[in-house]
Amino acid sequence: MIVYPAIDLKDGACVRLLRGDMDAATVFNDSPSTQARAFAEAGFQWLHIVDLNGAFAGAPVNGAAVEAILDAVSIPVQLGGGVRTMAVAERWFEKGVSRLILGTAAVKDPDFVRTAAKAFPGKIAVGVDARDGRVAVEGWAAAETVSPEDIGKRFEDAGVAALIFTDITRDGALQGVNIEATNALAEAVSIPVIASGGLKGVEDIEALTALKTPNINGVIAGRALYDGRLEAAAALKAANKV
């Protein structure tokens, strides 16, 4: 299992939100590139980056910060937030992003997701962000009527690399990953699933690996890493247990 340390970008800084509320942001580092370098030096093999302003704006906003991160580390980066057109996707891949996460587009413009997945094989992930069992879009500000399983099944044959499932009600709250909902999505589809939202410590990683659900192959760690509840070495050790 891959542990993805999260770098959420708001106004050029590395922050963590509480349940997706932009007004409830805690700044953890004014230099996202320094934070990225620290994660890479700790042994993490991937970075998970979200342009929070971009998710609301529908276009990249924190581009300079993302580029600084790409210059600072050699490990692969997956990026979400504001990717709504092929031109934007092409530009990020040219700059060195390894995987792009399409969230709002997966609901509003599924044909774009399919086109992007075909154009960039293995490089497109779908962000499945849910609140109370229903998917939310546009920076989590708008609710839809579809379920996570509906979205996952929509792209079964599209060639997407992963589904990143986030329980919004837990995100940034240190209440623990929604193991049951993550597993339900993973069992409903054949696409690899990455768990996100609320990871509070190494016990969440251990619980996910204990499921032995073949296509749960990653978990995103945010606030727990920043406030010291989760040590990098312990996270990586738990993730590598069979």
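Start by selecting Asn215, in the loop between α9 (202–211) and β12 (216–221). Is Asn215 buried or exposed? Its relative accessibility is 13%, so Asn215 counts as buried, the cut-off for that being under 20%. Keep in mind as you click around that this is a predicted model.

Now show what surrounds Asn215. Setting aside neighbours within four places in sequence, Asn215 is in contact with Ala186, Val189, Ser190, Ile191, Pro192 and Val193. Two backbone oxygens deserve a distance label. The one on Ala186 lies 3.0 Å from a polar atom of the Asn215 side chain, and the one on Val189 lies 3.1 Å from a polar atom of that side chain.

**Over to Glu156**

Leave Ser190 on screen and add Glu156, which sits in the loop between α7 (148–154) and β10 (162–167). What does the side chain of Glu156 make a polar contact with? The partner is the side chain of Ser190, at 2.7 Å. With neighbours within four places in sequence left aside, Glu156 is in contact with Ala188, Val189, Ser190 and Ile191. Val189, Ser190 and Ile191 are also among the contacts of Asn215.

Glu156 has a relative accessible area of 31%, so it counts as partly exposed. For a sense of scale, draw a line from its C-alpha to that of Gly81: the two residues are 75 apart in sequence and 22 Å apart in space.

**Into the sheet: strand β6**

Next, select residues 99–102, which make up strand β6. Colour Arg99 and Ile101, on one side of the strand, differently from Leu100 and Leu102, on the other. All four are buried, so both faces of β6 are covered. In a regular strand, side chains alternate between the two faces of the sheet.

Which strands pair with β6? One is β5 (residues 77–80), in the parallel sense and over three bridges. Look for Leu79, whose bridge partner in β6 is Leu100. Another is β7 (residues 124–131), again parallel and over three bridges. Here, Ile101 has Ala125 as its bridge partner in β7.

Before moving on, add helix α4 (residues 86–95) to the view. Together with β5 and β6, α4 makes a right-handed β-α-β unit.

**A helix with two sides: α6**

Keep β6 and β7 visible and select helix α6 (residues 110–119), where Phe112, Val113, Ala116 and Ala117 are buried. Why do these buried residues lie on the same side of α6? They cover an arc of only 130° around the axis. An α-helix has 3.6 residues a turn, so residues three or four places apart point the same way.

Turn the helix over and you'll find Asp111 and Lys118, both exposed, on the other side of α6. What covers the buried residues of α6? The cover includes α4, β6, α5 (104–108) and β7.

**Ring hunting**

Time to show the aromatic side chains. How many aromatic pairs does the structure hold? There are five. Begin with Tyr4 and Trp46: the ring centres are 5.8 Å apart and the planes meet at 50°, so this pair is tilted. Tyr4 belongs to strand β1 (residues 2–10), while Trp46 is in the loop between α1 (32–41) and β4 (47–51), so the pair ties together parts that are 42 residues apart in sequence. Both Tyr4 and Trp46 are buried.

Then jump to Phe39 and Tyr226, an edge-to-face pair with 5.7 Å from centre to centre and 75° between the planes. Phe39 is in helix α1 and Tyr226 in helix α10 (residues 223–226), which makes this a link between distant parts of the chain, 187 residues apart. Phe39 and Tyr226 are both buried. Add Phe28 and Phe44 to the selection: ring pairs link them with Phe39 and Tyr226 into a cluster.

**Last stops: two positive phi angles**

Finish with a couple of backbone angles. Asp11 is in the loop between β1 and β2 (13–18), and its phi is near 55°, a positive value in a residue other than glycine. With 60% relative accessibility, Asp11 counts as exposed.

The other stop is Lys212, which takes you back to the loop between α9 and β12, where Asn215 is found too. Phi of Lys212 is near 60°, again positive in a residue other than glycine. Is Lys212 buried or exposed? At 59% relative accessibility, Lys212 counts as exposed, whereas Asn215 counts as buried at 13%.

Key
Residues are numbered from 1 along each chain as its sequence is written. This is a predicted model: local features need pLDDT of at least 70, side-chain atom pairs count only at pLDDT 80 or more; totals for chains, interfaces and linings use all residues. Side-chain values use heavy atoms; hydrogens and water are left out. Buried means under 20% relative accessible area, exposed over 50%, partly exposed in between (1.4 Å probe, protein chains only). Two strands pair if DSSP finds at least two bridges between them. A crossover is right-handed if, with the strands pointing away from the viewer, the path from the first strand over the helix to the second runs clockwise. Contact means heavy atoms within 4.5 Å. A polar contact is a pair of N or O atoms within 3.5 Å; within protein, one must be able to donate a hydrogen and the other to accept it, and residues adjacent in sequence count only if both atoms are side-chain atoms. The arc is that of the directions from the helix axis to the C-beta atoms. Rings of Phe, Tyr and Trp (its six-membered ring) pair if their centres lie within 6.5 Å; planes under 30 degrees apart count as stacked, over 60 as edge-to-face and the rest as tilted.
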